[in-house]
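Reader: I'd like to learn how to read a model like this one. Could you walk me through a few features?

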Amino acid sequence: MVEIPYPLTTERLVLRRFAAGDLDAYYAYQQLPATARYLLNEARSYTECMGRIAMYVDAPFEQEGHWASFAIERAGAPGLVGEIALKWSAGGTSGDGVSPERVGEIGWTLAPQAQGLGIATEAARSVLELAMDGFGFHRVEARLDARNSASAAICERLGMRREGVLRDNMYLKGEWTSEAIYAVVRKPPAAGGA
Ligand SMILES: CC(C)(COP(=O)(O)OP(=O)(O)OC[C@H]1O[C@@H](n2cnc3c(N)ncnc32)[C@H](O)[C@@H]1OP(=O)(O)O)[C@@H](O)C(=O)NCCC(=O)NCCS
């Protein structure tokens, strides 16, 4: 069991566990085609949103395949404005066994009224630090539609390295599109170091 130290706080934000009361604010941005434009899912219905909030409220973070979800609030202004998700990905295995370090994937979504202020970058930086320094992840990647320049800009601001583009590997909303992969990887200790 990995304990998620909710809430994380940053200069302007509080990243807390999702709560049942987030449903309306969550639906308000998840129902928008613009939100889903570059995502694998379509715009979500109210019923779908109910199911997802119910899942987020006490989702375990215990093994590969599990997600940690962070509801983003602006400090001093309660109310959901977006989310960061950290997946504990499958991986970290080799012929010699299972690595003691984990690998993960991070993603972000903001309500339209919260965009353009650096909120996703600030929130993602905090979750990335938790993953690398708190949970000891070896690698965290972001996989995005290569046309999603706003998301790519977040990766760049976070110092994630653009590792490559998988050309036309997704068929999304009626057209082929490419996937860009960014990652941050833990550096090995310096040779001869303590
Ligand atoms: C991807 C998404 C979260 C990006 O939102 P965003 O508002 O551009 O990202 P940030 O919160 O980091 O804000 C960055 C913007 O704020 C500006 N900004 C203002 N103050 C800032 C600050 N203190 N720090 C950083 N950026 C700041 C930046 O210049 C940038 O604006 P620009 O794009 O005009 O240059 C948003 O487009 C979204 O939710 N999309 C739908 C879901 C989605 O596609 N998710 C990604 C899946 S891979």
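**Reading the model, feature by feature**

Author: Let's start near the beginning of the chain: Pro7 sits in the segment before β1 (8-9). Keep in mind that this is a predicted model.

Reader: OK, what is the peptide bond from Tyr6 to Pro7 like, cis or trans?

Author: That bond is cis, and its omega is near -15°.

Reader: Which residue other than glycine has a positive phi?

Author: Look at Asp168, where phi is near 45°. You'll find Asp168 in strand β9, which covers residues 161-172.

Reader: Now the helices. What do I need to describe two packed helices?

Author: Two things: the angle between their axes and the distance between the axes. Here, take α1 (residues 23-30) and α3 (residues 46-57): they pack at about 125°, and their axes are 10 Å apart. The two helices are therefore oblique to each other. Their crossing is right-handed.

Reader: Which residues make the contact?

Author: From α1 come Leu23, Asp24, Tyr26, Tyr27 and Gln30, while α3 brings Tyr46, Cys49, Met50, Arg52, Ile53 and Tyr56. Sorted by type, the contact of α1 with α3 has eight nonpolar residues, one polar and two charged.

Reader: And the ligand? How many residues surround it?

Author: There are 19 around the ligand, and the closest are Trp108, Leu110, Gly116, Ala120 and Thr121.

Reader: Where should I look for N or O atoms facing the ligand's own nitrogen and oxygen atoms?

Author: Try the backbone of Trp108, where an N or O atom lies 2.8 Å from a ligand nitrogen. At Gly118, a backbone N or O atom is 3.0 Å from a ligand oxygen. Asn148 uses its side chain instead: an N or O atom there is 2.9 Å from an oxygen atom of the ligand.

Notes:
Residues numbered from 1 in each chain as written. Predicted model: local features only at pLDDT ≥ 70, side-chain atom pairs only at ≥ 80, totals over all residues. Heavy atoms only, no water. Axes fitted to C-alpha atoms, helices over the stretch in contact; angles between N-to-C directions. Helix = DSSP H or I, 4+ residues; strand = E, 2+ residues; numbered from the N terminus. Parallel < 35°, antiparallel > 145°, perpendicular 65-115°, else oblique. Left-handed = near helix turned anticlockwise from the far one by under 90°. Contact = heavy atoms within 4.5 Å. Nonpolar A, V, L, I, M, F, W, Y, C, P; charged D, E, K, R; others polar. Near = heavy atom within 4 Å. Polar contact = N/O pair within 3.5 Å; in protein donor to acceptor, adjacent residues only side chain to side chain.
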